[in-house]
Each structure stands twice: as C-alpha cells, then as structure tokens.
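Student: Could you take me through a close look at one part of this model, and then show me how the rest fits around it? I'd like one connected story, please.

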Amino acid sequence: MAKQEIKKSCCRMCGMLCGIDVNVEDGRVTEINGNKAFRANRGRICIKGSSGVTQLYNPERLTKPLKRTENGFVEIEMEQAMDEIAEKLQSLQADYGTESVGVWKGEGIGFAQQEGLARRFIHGIQSPNYFSNDTQCFAGRYIAYNMVFGTWPCADLRNTNLAVMWGTNPPASHSYWTQDINDARDKGAKLIVIDTIYTEMARLADLYIQVKPGTDSILAWGLIKQLIDQKMVDNEFVSKFTKGYDELEAYAQTYTPEYVQEKTGVTPEQMAAVIQHYRQAGKKIANWCGTGLEHQANGVNNVRSVGYIDALIGAVDVPGGMMTVEGFGARSLEIDIEPSLMSKAIGREQFPILYGMRGECHTLLLMDQILSGKPYPFKGLVMTAADPVLTNANTGKVEEALKALDLLVVKDLYLTETAKLADYVLPAASYLERSELQYNGINQTVMLTEKVVDLGHQSEYELFKGLADRMGIAELFPWENEDELNAWLIEPTEMSLAELASHRDGYQFKPLTYEKIHRALERGEKPFNTPSGLIEFTSGHLEAIGMEPLAKFQDAPEYLGVEPDEYPLVLMTGARKVMYFHGRYRNLPQLEKVMPKAQVEMHPADADRFGLNHGEKARVISAYGAIDIHVRVMSAKEIVPGAVQITHGFKNANVNYLVGDGITDPISGFPALKSVPVRIEKIIN
Amino acid sequence: MQTDVLIIGNSAAGLSAAETIRKYDFDKKITIVSKESGPAYSRVLLPYVLRGKLDYDNLFIRDGNYYIENNFYYIEGLIVSVNTESKTAVCESSEIIKYDSLLIATGSNPVKPPIPGIESEGVYHMWTKDDLDHLMPHFNKDKRVVVIGSGFVSLQAAWSAVCKGLKVTVIELADRIMPSVIDNKGAEILTGKIKECGVDLRIDTLTLAIKKRDDGTFVIDLKDQSSIEADFIIVGTGVKPNTSFLEETDIDIDRGICVNRYMQTSVDDVYAAGDVAGGPTAFGDQHQIHALWPTAIEMGKVAGMNILGKQFVYEGSLNMNVTQMYDMTVASMGQFTDNLDCDEHLMPESSGMGYLKICAKDDQIIGACLIGKTSAMKIFGMLRPVIRLNKKLKVDITRLESDLQKLTYGVAH
Amino acid sequence: MKTVSIDRSKCVGCRNCEMACAFARTGTTCESQESNIKVNHYLDERVLMPMTCLHCSEAWCMSVCPAGAISRNADTNAVVIDEDRCAGCKMCMLACPFGNIHFDNEKLVSRKCDLCDGAPKCVEHCIAGALKYEDMNDNAAALRCKNDHKLIAQAL
C-alpha cells in the first residue's frame with residue numbers, strides 16, 4: 001500500500017502564488033491540485049500550476065554543477081563549484097573593487113524570500129549591485145503607485161462595482177483575479193477593459209475600449225478632465241487627502257475629447273460611456289494598470305495618471321476601491337550598506353527613484369557598463385533563475401555583455417539560453433523543494449509552505465549561505481537551515497513557526513480593513529507614506545530631484561515620431577500566453593505542443609497591406625535586429641490596426657532582438673517594450 | 001402461458017421497448033421470444049468483429065443476468081402464428097402464449113436474388129450471428145471472396161475481408177454503389193477508395209450463376225465478362241421484413257407492418273417496431289421501412305411508452321447511417337439524393353472534412369451525406385434536431401459548424 | 001447528483017479547461033483537439049460557450065450505441081464509454097445533438113467526458129469560475145443549467 005499524503009504549498013509556476021495541494025505517494029509527487037481552502041484561488045489552478053509535476057521531474061533539469069572549460073561544459077562537484085565561485089568573486093572584488101560584482105534575481109525560482117537572500121548576500125559582500133527581472137516588469141508600476149499613494153495598493157476587485165483594467169489581461173497573467181472579477185460581476189459589478197488587443201479579459205467587458213499603443217495616459221487625462229468638468233471629483237476627499245490638485249486641473253484642460261480621439265483613437269462617445277460607468281459605480285471603483293502602460297517611454301506617468309482617477313473619485317481605502325494593505329510584521333532579510341557604496345549602484349544616478357524605492361540597479365545600463373568599463377569595471381554576476389537572453393531588451397547587447405564578464409554564474413532548473421553563456425551553472429531547487437514564507441497581499445495572508453520533496457538540489461538559501469561562509473560573512477547567514485531562518489523571520493510577530501505551520505491553508509494575519517486613512521488623520525498621523533503624507537498628484541520625490549512633478553504625458557511613444565515608410569508598424573511585445581511564464585515552460589512537452597512556435601499577431605488589414613498569409617513565416621525588422629516568425633492573422637476586432645504583437649520567451653524567434661534599450665522611461669528606466677517601430681516583410685524563398 | 005406484454009424479437013426494437021416499459025413498471029410481465037439462440041447481440045457489430053476490431057464476446061450487448069435482473073421472461077423459439085382475436089401467439093413448440101399487448105419486433109431477413117446456385121453451401125449472408133459464425137473460419141489470408149451486392153452491409157463485409165487480407169471482388173448489378181446511403185458523387189469517391197484498397201469492384205455486372213466445384217470452390221459466371229473464382233461468397237442484396245407468420249391476421253402489411261405515430265398496427269393492442277415496421281418519417285411519409293438501428297431504438301421506445309398507456313407520439317423517423325470503412329467515414333442523414341429539388345451546399349476542401357454535401361430547401365436543412373473525416377460527424381449530430389424540428393437556418397457552408405452551434409446553444413447575435 | 005455546470009457569462013476562453021482535460025486524458029499533451037471539453041468563441045456575438053457532456057438524463061448516445069459500450073456510472077452519474085467495447089462506429093456522434101462526443105483517432109474509439117471519476121479537471125482549472133461541479137438538485141445550480149435543460153428538451 002503506497003503511502004499517500006497531501007502537502008501544502010504555494011505554486012510558483014508564476015508569481016500569483018496560488019494555494020496548492022500536492023499529492024505525494026511514497027515520496028514522489030503524483031499530482032498538484034488547487035487548495036480549496038486557500039483564500040486567493042479557492043481551489044482553482046491554471047495549467048501551469050498542475051504542470052508543476054512535470055517540471056519537478058523534468059529530465060531536462062540540471063542535476064550537477066557545470067563548469068565551462070575549453071572543451072565546453074564539464075560536470076563538477078558542488079563543493080568545488082562553490083569554492084571556485086567564492087574565490088573568483090573575492091579575487092574580482094580585490095582587483096576591481098567590491099562593487100564590481102552583483103547578483104541578479106530572475107523569474108524562474110522565487111520572489112520575496114529568495115530575493116531577500118540575494119539582496120542580503122550582495123550587500124553583505126559590500127556591493128550595491130542587486131539586479132532583477134523586476135526592472136522590466138512591476139518596478140515601474142511599483143514606483144508609479146508609490147509616488148501617488150505611498151504604497152503598492154491592491155485593487156479590491158471582489159467588492160468593486162466597477163473594475164477598469166488598463167493594459168492588463170488577468171486570465172493570462174493574474175489568473176485568480178478573473179475569479180474575483182466574476183464574483184463581483186455576480187453582484188452586479190461592471191467591467192471596462194482598455195487595451196490594444198481584444199484580450200481574454202476584454203471578452204467579459206461591458207465596455208471594451210481599443211487604444212493605440214502607449215496612449216493610455218492621454219485617455220486617462222481626458223477622463224480626468226471629464227471628471228472635473230462634470231463635477232464628479234470628490235472635493236472633500238481631494239482637499240483632505242491629496243496634494244497638487246490645482247496643477248492637475250490646469251494641466252487636464254488640454255485633454256478635450258477631440259484631442260483624445262485624435263491621439264488615442266477613442267471616441268468622445270466611448271469616453272462618455274466610461275464616465276457614465278464611473279458615475280454609476282459610486283466609490284467602489286478599481287482602476288488597475290498592467291504592463292501595457294508600464295512598458296512605454298511614458299510608463300510611470302501612464303500609471304500615475306490612471307491612479308489619479310481613483311484619487312479624484314475618492315475610491316481609495318474604501319471597499320471595492322484601491323486598498324492599502326497591511327503587512328505581517330515579519331523581519332526583512334535586507335541589510336543596509338554604506339552610503340558611499342550605495343552611490344555606486346549602477347543606474348542610481350540616472351534613475352534615482354528606481355534605486356531609492358526599489359533598491360534595484362538598472363539592467364540595461366549594466367550591459368553598457370560591462371562593455372565599456374565605465375564608470376567602473378563590472379566583472380562578476382551571480383544570477384538565480386534569470387534568463388535575460390530571452391527576457392531583457394536588446395538581446396544582441398545582452399549576449400555580448402554577458403560573454404564579456406569574467407565570471408557569470410547562473411543557477412537555474414535548466415540550461416537556459418543565459419546559462420549557456422555562463423562560466424558556472426548550478427542546479428537549483430524548485431519551490432516544491434523548500435519551505436518558505438509566502439504572502440498574499442490582497443488577502444493579507446501568509447503561508448509557511450511545506451518542503452514537499454527533497455531531490456538533493458541546492459536551494460537559494462544554501463547557495464547564498466555557502467558563498468557567505470566562504471567569503472567571510474558567515475555571521476550574516478547564521479541559520480542552520482531554512483526552518484531556523486523562517487523562525488527568525490517571524491520572531492517579531494510573536495507567532496511560533498509551529499503555530500504558523502499549523503495553519504496549513506495559510507493564515508490571515510489581519511482582517512481587511514478600510515477607512516484607515518481617516519483614522520490616521522484623526523490620530524494626527526500621515527495617512528499616506530509619501531513625502532507630503534498625502535496622495536500626490538505632484539510628486540515630492542520628483543520635486544526633490546528637479547523633475548516635472550505632475551504625471552504629464554511628455555514621452556510620446558517612439559513610433560509616433562518615426563518616418564512611417566521605414567517602420568510603418570508598431571510592435572508590442574510581452575502579451576502573456578496562458579501556458580507560459582515569460583521565458584519558461586517551452587520545455588514542458590505538454591505545454592510546448594499547445595503553442596510550439598512564436599507568432600507575430602496582426603490585424604487582417606495589415607496582413608493584406610504587407611501581403612502576408614496566416615501561418616506563413618515573415619521577417620520582422622527593427623532598428624536593432626530582425627527575426628523570422630510565423631504570422632498569425634487575428635480577427636479585425638482583436639487587435640488595433642497598425643500594431644503587431646509578439647510574445648517574448650521563444651528562443652527560436654526571440655523578440656527581444658528587436659527591442660531597443662535606447663528609449664527608456666525617464667523615471668523608472670524601463671525600455672519601451674510595447675512601442676517598438678518595426679517593419680514586416682514577406683520571406684521569399 | 002399468460003403474459004402482460006409479449007415481445008417477439010430480441011434485438012434493438014424489442015429490447016428498447018422492454019427497457020422502456022421496465023423503467024416505469026417493474027411488475028408488468030414481459031415475455032421476450034427470440035428465434036435466435038443466446039443472449040441479445042448487435043447486428044451492427046458483425047463487420048467489426050469480422051475484421052477483428054472487436055472481440056467476439058463484445059457482440060453480446062446485454063450480459064447473462066440481464067433478463068433476470070430486469071424481470072424479463074425469455075423464451076427461445078419461433079412464433080409460427082398469431083391470433084389477434086384471442087390475443088394469442090403460437091410457438092413452434094405448440095406452446096400458446098396469451099398476451100394483453102403484443103409487440104412485433106421480428107426484424108428482417110436477407111433477400112436472396114434469383115441466381116442459380118445461390119442456395120449452395122458456402123454462399124452466405126452477413127446478417128445474423130449464425131452468418132458470422134459461418135463466415136469467421138473463412139476470413140483467412142489467401143482466401144478469395146466474392147461479394148454480391150454493394151449496399152451498406154455488403155461493402156462493410158468486403159471491407160472486413162480487405163482488413164483480413166482476403167482477395168475481394170464486389171459485384172453490383174446497378175451502375176453505382178450504395179444508392180440508399182450516399183449520393184452519386186459520394187458513390188464515385190467511395191468507389192475510388194474501394195478500388196485503392198485493392199477491391200475488384202464491378203458495377204453494371206449481372207451474376208448469371210454460381211457454380212460449386214467438387215473441391216468446394218466456386219465459379220461465378222457473369223454476363224459479358226469472364227467468370228471469376230472464389231472460395232466463398234457473401235450475398236448482400238437487401239433485406240425484407242419478417243412478417244410471414246402474420247399471414248392469417250388482419251394486420252395491415254405493405255412490405256412492412258404499417259404503424260401509426262404510436263407504433264400501433266391496424267389491430268388493437270398489437271404494436272410493431274424496428275426493421276419489420278413501416279412507420280411515419282420526419283418528412284411526412286406514412287409507412288416507411290428504414291431497417292436502421294437508431295430508428296429501431298426510437299420505435300421501440302415509442303411502442304413501450306404506448307403499451308404503458310402514456311400516449312407517446314413519435315415525431316417520425318429520420319434515416320441516418322454512419323460507418324467507418326475504406327479509411328473513410330461514410331455517413332448520411334435525411335434527404336440527400338441527386339434527384340431532389342433543393343439547394344446543394346458543398347463543404348469547401350479547406351475544411352479538411354472531405355466530401356460533405358448539405359441539402360437545404362427554403363432555409364431549412366433536409367439532409368446531408370459524407371465521405372470524409374470524423375471531424376464532420378459533429379455537424380451530423382447537430383443536424384438531427386435541426387432537420388427534425390424544421391428549424392430555420394440559412395446555410396452559409398463556410399460557417400455551418402458555428403452557425404449550427406449557435407442554433408443549438410441559443411447564441412443570439 | 002453532481003455535474004459540471006456552465007455559466008457562459010463568466011468564460012474568458014483561456015482554455016485552461018481544454019488543456020487540463022487533454023492532459024488528464026493523454027498524459028502527454030495539452031492540445032485542445034485532445035480535450036473532451038471545447039470552448040467555442042463567437043467573436044461577433046461576443047459569446048463564449050464551453051461545451052462538455054451534459055450527461056443527459058435521457059442520454060440518446062447511450063440508447064443508440066449498437067455496441068452497448070455506453071453506460072451510466074453508478075457513483076458519478078456520468079455517461080461513460082467503455083473503450084474496449086466501442087466499435088468506433090460513430091453512431092453516438094450522430095446521436096449527440098451538442099457535438100460533445102469526440103473521436104480518438106489513435107485508438108479508433110469514441111471518447112467523451114467521464115467527469116474524471118468525480119473530480120473534473122476542467123472545473124479545477126477554470127480560473128474564471130465559469131465551470132462548477134455541483135449538485136443539480138441544488139436550486140442555484142439548476143438555474144445555472146436551465147439553459148442546458150431547455151436545450152436538451154428541445155434537441156431530444
């Protein structure tokens with residue numbers, strides 16, 4: 001009789017961390033199911049989640065460390081690898097300065113606690129240079145929302161009357177939000193989707209609005225003007241809780257419906273319909289922005305201007321609006337570094353707010369610095385489950401730069417395109433092979449995940465502790481194992497590890513509360529964690545560095561300024577597909593078969609214009625490079641004419657060869673991944 | 001003996017009726033009389049067993065305990081006459097069965113064309129389990145078979161022989177194959193496929209005589225052609241309803257037993273269903289014999305309901321056929337022949353469905369036929385209620401599947 | 001008895017249900033043509049319709065199967081196909097008015113939803129909450145399926 005048990009964990013096949021029940025039979029995982037008692041996903045999981053079993057036992061997984069030699073990779077023992085890596089890091093630091101090395105956390109293994117370990121280690125060895133995939137996804141919106149609200153808010157979708165999804169497609173990217181939105185719709189809520197593509201989410205929308213790529217902020221400002229003109233602004237809320245209204249009102253005047261229509265393609269009637277929905281929804285309104293707005297030259301301000309709408313309506317810290325969530329009170333793994341070192345952080349000078357808010361360096365500037373050695377040499381990089389060859393802009397430069405490093409260590413589940421360039425490749429443990437704290441902000445829950453199986457792979461904790469021990473900072477990683485680390489992390493919460501572990505389906509550390517800002521004001525506290533303590537239309541952070549404080553639309557998408565003859569189309573990249581997560585899972589056979597080939601998705605009129613047929617291959621060319629890719633002609637209603645979309649992460653048609661690193665958002669430094677001028681040509685054999 | 005319900009016949013219609021009655025009334029005494037031995041089996045499966053797709057045991061569609069579990073009284077025997085006045089039936093064994101209600105579900109028998117020598121040992125039909133038992137030992141590689149007739153059953157028999165590696169000749173008197181199942185174009189396509197599969201298919205060919213040699217093999221003489229040799233022969237030239245035991249009754253018979261929408265015959269308390277019955281069709285015919293399995297199931301159910309007194313009206317039979325042979329799915333439904341006054345819509349090649357013709361009249365689909373791929377079968381499934389219930393649908397062949405889905409699922413524009 | 005109820009107003013067409021069904025069945029692929037549940041998308045009408053077997057109380061496919069290969073599972077109430085008995089004649093496909101019976105071109109047998117023995121994968125993977133596995137005697141559930149019942153009544 002096989003020994004059967006169900007272990008509880010959080011899925012890390014994407015970043016949503018759905019609760020999962022993992023069936024284990026005689027020590028082997030047989031099936032992954034949704035955890036019905038988990039508040040976020042309520043028993044439902046996506047196909048990536050259940051495919052975690054295939055990932056866990058994928059024969060393509062790395063099992064032994066690899067070292068690059070003249071004859072290619074050879075397998076070595078872990079101890080040797082760790083010794084050599086530590087020694088090399090130390091010698092680089094000795095020769096070129098402690099800041100000449102860095103760590104890079106990727107999307108493939110873990111966020112949060114694993115990220116904390118990476119930050120702790122790099123700061124521990126006296127380098128400010130922490131990098132991550134977040135500087136091409138999430139960090140821009142994080143900055144934008146924090147500038148406005150002083151926090152990363154959550155859209156209270158389950159309780160809202162009106163969800164407005166700007167450039168985001170939860171069914172593919174934030175799966176359980178789809179359920180939240182449907183729950184709200186059950187209670188009568190409406191849904192507006194604003195997107196260049198008629199997405200899965202748009203299919204449910206009461207109102208779908210197709211905008212031209214990168215012009216969302218113009219629409220947002222147009223709506224702001226309407227809210228003002230139609231006396232829909234909550235004046236009491238605005239006067240009590242916001243800063244910079246006068247500047248906002250004055251600037252909004254430009255955005256007449258006619259102007260908005262000209263720039264965005266959205267008609268005055270459509271705008272009036274949005275306003276009508278706002279009017280009917282009261283304060284239970286949740287606007288939410290996705291990467292569609294973030295991946296633009298005007299990215300941060302795109303998101304800020306949408307955030308203004310919630311603030312003007314007063315849909316903040318109320319049920320169904322923008323929630324400010326509270327933390328568990330556990331310890332952080334981060335440690336401070338000397339200001340003199342901090343000033344050397346790559347990108348801090350150019351993008352001070354990115355570094356100030358996120359403590360992250362800039363990955364695009366890193367590539368330039370590796371290649372130029374300016375302002376100081378950068379020689380060694382330890383990556384954990386990052387695959388920037390597939391996921392960073394300007395792949396050509398990424399490859400060149402990574403090859404130029406003296407030391408590239410890549411720890412991953414697989415020999416990724418990036419790992420292929422490494423000097424050392426270390427096999428990694430997956431989420432099912434470790435125990436860690438996983439948080440869910442919207443539900444204010446924490447879960448201590450169970451270590452489901454031990455396949456003998458080195459965890460992130462063991463990597464950084466192992467390097468720390470060898471590099472003379474053992475005191476920063478004093479914990480014998482993950483359990484001890486987890487216990488230390490939650491010590492301030494007065495909850496024991498055993499007690500937390502007993503909440504097998506997660507623990508809600510605080511009930512969700514609203515109207516906290518009013519209570520804060522009564523207590524004489526600052527209601528928002530911004531420089532002024534208020535919602536900031538004019539950002540104190542920007543004022544402090546002499547930048548325009550209001551989220552004006554000042555960085556129009558590059559394609560609007562390009563001579564149309566040369567690059568007549570605008571390429572949007574990065575629309576997620578349900579079965580993949582960025583560069584991941586093309587090596588899970590059952591998923592790969594669903595979408596084996598990258599596709600350039602286009603409007604039928606554009607296909608006609610360039611003589612292309614569905615299914616054939618075409619060449620897409622930008623100022624940075626060219627790729628050959630299969631054509632997918634969509635229905636006329638599904639994509640805005642003049643734009644094409646290519647999903648990233650396909651190694652045989654890697655769209656990031658086309659994406660430049662030259663145009664970046666001035667605040668976040670994000671590349672304009674969704675507004676790349678391109679042309680497309682038929683391939684004639 | 002005495003029974004509440006007497007069902008003559010142990011196949012589709014008879015069992016469907018018996019099970020329908022049983023669903024509502026467990027006590028009513030139901031007696032099933034079958035002239036064939038053994039538990040119920042499915043005639044449709046004979047070619048599948050013959051070609052090795054199914055095990056022989058799978059022929060039996062009800063298990064051994066079925067009759068006991070369902071409280072059916074089962075008699076193996078032949079009914080030789082019926083007296084509708086005294087409500088009795090007489091068995092070959094002279095046993096007399098007195099009934100309250102009678103259901104005649106005796107099916108049909110193969111027709112024997114008037115060819116000299118057709119009664120010889122070694123000339124078979126493929127209609128019953130006995131036929132199968134006779135045929136199976138012959139289905140070896142290196143044997144030569146001549147199939148006379150090219151209807152649905154004959155061609156399936158020939159396909160089974162092809163699958164088993166036999167040398168196959170099919171002889172058809174008419175100028176095309178399968179007139180009742182597919183249209184001319186379909187027949188032409190299938191003819192090509194049959195020949196590709198190595199069958200020597202001869203249309204416009206009259207069989208003059210079957211001669212058995214001393215060594216047991218046959219010589220088949222053909223008109224205007226040289227004779228051909230065979231190790232055995234299968235004759236499949238149609239079937240006729242099994243009604244001979246009713247000659248002395250007042251039951252109206254016009255080839256088959258005439259039944260109304262309640263499966264009632266012209267005589268009170270006597271019902272008929274299945275291949276033996278000619279009943280109303282979805283197209284307004286009064287007494288049409290289908291000799292099709294689905295029709296038999298439906299008729300049996302209607303008869304059962306009305307024997308129970310439930311006043312259940314049959315909406316009329318809809319002819320439908322489907323089989324897999326010669327690597328093609330062959331199917332048809334409703335009205336699809338070439339002589340009809342209707343609009344014909346052909347599925348474009350790009351659909352990958354093969355040859356699919358939809359016949360429509362005044363924005364109403366009346367039938368379809370297919371020589372093609374399985375992917376087209378869903379269209380047939382959705383067509384059934386559309387044809388039956390006379391639902392309006394303007395045919396745009398390129399979007400037929402999605403239009404049918406919308407009609408089915410109630411998706412409004 | 002429980003069955004898979006479908007609320008088409010909630011479906012986004014993400015096809016997780018199809019992928020999960022295909023994988024549960026084959027163990028090797030998530031391709032939708034291997035699935036027993038199909039999401040039909042009518043772009044012009046803005047309707048998404050996930051369709052899977054309704055396990056009709058009067059299952060015509062079951063009555064008409066000439067091989068006796070279709071039966072009702074006593075535990076789950078699912079109408080199931082015994083692939084060892086299935087002749088591959090496709091009569092059930094002719095019978096199903098909803099197109100919910102599919103064909104396995106490798107094994108040459110019909111295939112259809114079997115409710116995964118009472119834990120349907122499509123429902124677990126319906127991230128939109130459009131599919132539920134619920135008791136049809138429950139009023140709310142019955143309401144959700146009203147449309148289906150109407151369809152069945154119409155079609156049979």
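Tutor: Let's start inside chain A, where 20 residues of domain 1 of chain A are in contact with 17 residues of domain 2 of chain A. Keep in mind throughout that this is a predicted model. On the domain 1 side of that contact, strand E1 (4-10), strand E2 (19-25) and helix H2 (52-56) of chain A each put in at least two residues. E1(A) makes the largest contribution to this side, with four residues. Sorted by class, the domain 1 side comes out as nine nonpolar, seven polar and four charged residues. If you want to place the two domains in space, their C-alpha centres are 25 Å apart. As for the bounds, chain A is split into domain 1 (4-56), domain 2 (66-138 + 329-441 + 445-508), domain 3 (154-323) and domain 4 (558-682).

Now for how chain A meets its neighbours. Chain A and chain B don't touch, and their nearest C-alpha atoms are 14 Å apart. Chain A does meet chain C, in a contact built from 28 residues of chain A and 22 residues of chain C. On the chain A side, the elements giving two or more residues are strand E3 (28-34), helix H1 (47-50), helix H6 (170-173), helix H7 (175-186) and helix H25 (589-592). H7(A) gives the most, with five residues. That side of chain A has 13 nonpolar, 10 polar and five charged residues.

Chain C also has a contact with chain B, and this one takes 35 residues from chain B and 30 residues from chain C. The elements of chain B with two or more residues on the side facing chain C are helix H7 (293-307), strand E21 (320-325), strand E22 (328-334), helix H8 (377-388) and helix H9 (400-409). Here H8(B) has the largest share, at seven residues. The classes on this side of chain B run to 18 nonpolar, 12 polar and five charged. Two pairs of chains are in contact, and of these chains B and C share the most contacts.

H9(B), one of the elements on that side, is worth a pause. Its buried residues are Leu400(B), Leu404(B), Gln405(B), Lys406(B), Thr408(B) and Tyr409(B). Right after H9(B) comes Gly410(B), with a positive phi near 70 degrees.

So what does chain C itself look like? It has six helices and eight strands, and along the sequence they follow the pattern β-α-β-β-α-β-β-α-β-β-α-β-α-α. Chain C has 156 residues, of which 57% count as buried. Looking at contacts in chain C with a separation of 6 or more, 56% come from residues 24 or more positions apart.

Asn77(C) is a handy example of such a long-range link. You'll find Asn77(C) in the loop between strand E4 (70-72) and strand E5 (79-81) of chain C. The C-alpha atoms of Asn77(C) and Lys2(C) are 7.6 Å apart, although 75 residues separate the two along the chain. Beyond its neighbours within four places in sequence, Asn77(C) contacts Met1(C), His55(C) and Arg72(C). Asn77(C) counts as partly exposed because 15 other C-beta atoms lie within 10 Å.

For the buried interior, look at the largest nonpolar core, which has 398 residues. Those with the most contacts inside this core are Leu103(B), Ile233(B), Ala273(B) and Cys61(C). Take Ile233(B): leaving out neighbours within four places in sequence, it contacts Gly122(B), Val123(B), Tyr124(B), Val146(B), Ile148(B), Ile210(B) and Phe218(B).

Finally, a word on confidence. The model scores ipTM 0.96 and pTM 0.95. Chain C has a mean pLDDT of 89, and 87% of its residues reach 70 or more. Within chain C, confidence is highest in helix H4 (residues 121-124), at 98, and lowest in helix H6 (residues 146-155), at a mean of 46. Over residues 141-156 of chain C, pLDDT stays under 50, and the model has 21 contacts beyond four places in sequence for that stretch.

Notes: Residues numbered from 1 in each chain as written. Chains lettered and ligands numbered in written order. Predicted model: local features only at pLDDT ≥ 70, side-chain atom pairs only at ≥ 80, totals over all residues. Contact = placed C-beta atoms within 7 Å. Nonpolar A, V, L, I, M, F, W, Y, C, P; charged D, E, K, R; others polar. Buried ≥ 20, exposed ≤ 12 C-beta atoms within 10 Å, placed from the backbone. Domains from an automatic or database assignment. pLDDT = per-residue confidence, 0-100. Core = buried A, V, L, I, M, F, W, Y, C linked by C-beta atoms within 7 Å.
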